[in-house]
Amino acid sequence: MREILEAIGKAIVEGEEEETRRLVEEALQGGVDPRKILEDAMMPAMEDIGERFSRGEAFIPELIVAAEAMQRGMEALKPRLAEGERGRGLVVLGTVQGDIHSIGKNLVRMCLEGAGFEVVDIGEDVKTERFVEAYREHRPDILGLSALLSSTMQRIPEVIEAVRAEDSGALIMVGGAPVTQEFADRSGADGYAPNAFEAARKAKELLG
Amino acid sequence: MTGKERMLTAFDRREPDRVPVWEMAFNEESIIKLGKFYTDDLPPMKFAQQMTMEEKVKLLNTLFTVARELELDGITSIGLLGTEPVDDEHVKDGWGRILRVSEEGEATAVGGPISDPSDLRGLKAYHPQPTDFLMLMASVGNLGDGVAQVLVQPGPFRESWSLLGSMEKLLYHYVKNPGFVKDLAQVATDYILEVVDMAADNGADIIALDGDLAFNQTTLMSPAQYEEYVFPYHQQITAHAHRRGLLIFKHSDGNMWPIMDGIVDAGFDGFHPVQPQCMDIGEVKRKYGDRLCILGNIDCTYLLPFGSEEEVEESVRETIRVAAPGGGYVISSSNSIHPGCKPENYIAMVRAARKYGVYPIDVEG
């Protein structure tokens, strides 16, 4: 069993989508626990990419292909995971109003999914009311807000206030190029991360 | 010295009479807010795409008035590619790219004519039209030869990903389809070479090759990927610009350290904007000041939007102290004067540049 889990991890790290899916199916047919495939092969592979990224050995292209491979593997795995076992938690993610930039948010989505979270991406240029609606609709474990510009970043405290009026205990994470820990604290956010990998780590930490 | 002489001297890494002042871009709102200090004849506050021709002309004239009043040494024009509206938020350009317009910055491609490698063969290349250069022509006509005329053109990386409608897609193909990435970069480069020709024919002095290659932490691609997928095309473009008598610099936000050697080797004459959150301008000056003109560095993320005029002056003073001695420095914001920047702070930045930027530089640490 160790061999196939290692092979799945290697296929993800190398961004081999078809191979990942094929190996996941093979492992499932061989009776390997789906949760074990997720937690002992797939998630560690994404963590490995994250570590290589922080050492300057992997860059965004390697993350993107690994995330694609992970997705393909998940397609095979998801139907076999028991209900209520579909990951570490639910995150609703969006870029605040006025900001049409998507890549930062998309990388965060990839890393969160790689860490086993389910993600509902509500897109870019999202109005404050839409964040509140999405929060009400999905009741996520974490709400993630992104902004790339220092002008649009000013929307973040507004969204936090509006969502907290709906649920005073809402867990909210913020990020994006101009966002700092200080700004996050001032805005009343529960978490901040300087990059996508750290965002996944922080999300895990917030949910304990 | 004229503004143009100042800019060209700085690009030659020699000392002009004072540090040249120039800006990569002003948004519509920023132009109008700055214009209020100098004229009452202003266009209404809206996106250029939504303005009538008369209002667009008024917007350009406001920009020229601001440039003249603040005695800017260079002015930047953008290519005005014709677009047709798709819906309230999107327009389509001559390549067939769907662009999303934004009040906070430039329009960004969200859909392209190419979705996979097989589409490349059927792609109908767009060729630059004389009308794309109307802003440059108006700028040359209005401000004349006294200021450096800079034309912004997206580089091969940005043109490539916008043909795909997504940067992630291009970076995916970096690993999966190297041949496709190179073919696409060549399509983009052939177009850029035509733009360079038309820029030269219409009075440009300097090309600003736009398109971020980095983010706060590091470059978007590895140095090896830069060498393979971007560098050869940068080389073609800088060589062509130089053949046509133009200077050319690379613009990229973010931490460009991993590929700075490549930027120099590719033949660029300068580098902008040395984002202060990611790169120390003193270090850039020490390492590359003998080979590159350095442009930018006055923070437009926090300082120009939220700082005081005194803080702006102090930042200008310190940046000039570090970057200007010996020449080879053009002062500008760390990206552009976007709608979040206080117009008073921009004016304070220009005034401080005049106060501290006289050569020989005499600013104490």
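Trainee: Why is Arg186(A) called exposed?

Mentor: Its relative accessible area is 60%. The rule, applied with a 1.4 Å probe to protein chains only, calls a residue exposed over 50%, buried under 20% and partly exposed in between. Arg186(A) at 60% is therefore exposed. This is a predicted model, in which local features need pLDDT of at least 70 and side-chain atom pairs count only at pLDDT 80 or more, while totals for chains, interfaces and linings use all residues. Residues are numbered from 1 along each chain as its sequence is written, chains are lettered from A and ligands numbered from 1 in the order in which they are written, and side-chain values use heavy atoms, with hydrogens and water left out.

Trainee: What makes Arg186(A) and Glu182(A) a salt bridge?

Mentor: A salt bridge requires a side-chain nitrogen of Lys or Arg within 4 Å of a carboxyl oxygen of Asp or Glu. The closest N and O atoms here are 3.9 Å apart, so the pair qualifies. Both residues lie in helix 8 (residues 181-187) of chain A, four residues apart, about one turn of the helix. Helices (H or I, at least four residues) and strands (E, at least two) are DSSP runs numbered from the N terminus. Glu182(A), with a relative accessible area of 56%, is also exposed.

Trainee: Why are Lys202(A) and Glu205(A) separated by about one helical turn?

Mentor: They are separated in this way because they stand three residues apart in helix 9 (residues 196-206) of chain A. Their side chains meet in a salt bridge at 3.2 Å, N to O. Lys202(A) counts as partly exposed at 21% relative accessibility, whereas Glu205(A) is exposed at 55%.

Trainee: How many salt bridges does a search of the whole structure find, and how many lie between chain A and chain B?

Mentor: The search finds 47 over all chains, and the count between chain A and chain B is two. Between the chains, Arg100(B) forms a salt bridge with Asp125(A), the closest N and O atoms being 3.0 Å apart.

Trainee: Which residues of each chain make up the contact, and how many are there?

Mentor: With contact meaning heavy atoms within 4.5 Å, 31 residues come from chain A and 31 from chain B. The area buried between the chains is about 2,300 Å², of which carbon and sulfur atoms give 62%. Buried area is the accessible area (1.4 Å probe) that two parts lose on being put together, summed over both. Phe59(A), Pro61(A) and Ile100(A) supply 26% of the area that chain A buries against chain B, more than any other three residues.

Trainee: How do you know that Phe53(A) and Phe215(B) are stacked?

Mentor: Rings of Phe, Tyr and Trp (its six-membered ring) pair if their centres lie within 6.5 Å; planes under 30 degrees apart count as stacked, over 60 as edge-to-face and the rest as tilted. This pair stands at 6.3 Å centre to centre with 25° between the planes, so both conditions for a stacked pair are met. The pair crosses between chains, from helix 3 (residues 34-54) of chain A to the loop between strand 7 (206-210) and helix 8 (223-229) of chain B. Phe53(A) counts as buried at 10% relative accessibility, while Phe215(B) is partly exposed at 24%.

Trainee: Why is the pair of Trp22(B) and Phe249(B) called edge-to-face?

Mentor: Their ring centres are 5.5 Å apart and their planes stand at 85°, so the pair is edge-to-face. Trp22(B) lies in the loop between helix 1 (3-11) and helix 2 (28-35) of chain B and Phe249(B) in strand 8, so the pair ties together parts that are 227 residues apart in sequence. Both residues are buried.

Trainee: What makes Ser139(B) buried?

Mentor: Its relative accessible area is 0%, so Ser139(B) falls in the buried class. The residue is placed in helix 4 (residues 134-143) of chain B. Its side chain makes a polar contact with the side chain of Gln149(B) at 2.7 Å. A polar contact is a pair of N or O atoms within 3.5 Å; within protein, one must be able to donate a hydrogen and the other to accept it, and residues adjacent in sequence count only if both atoms are side-chain atoms.

Trainee: Why is Asn255(B) called buried?

Mentor: Asn255(B) has a relative accessible area of 13%, and is therefore buried. Its side chain reaches the backbone oxygen of Gln217(B) at 2.7 Å.
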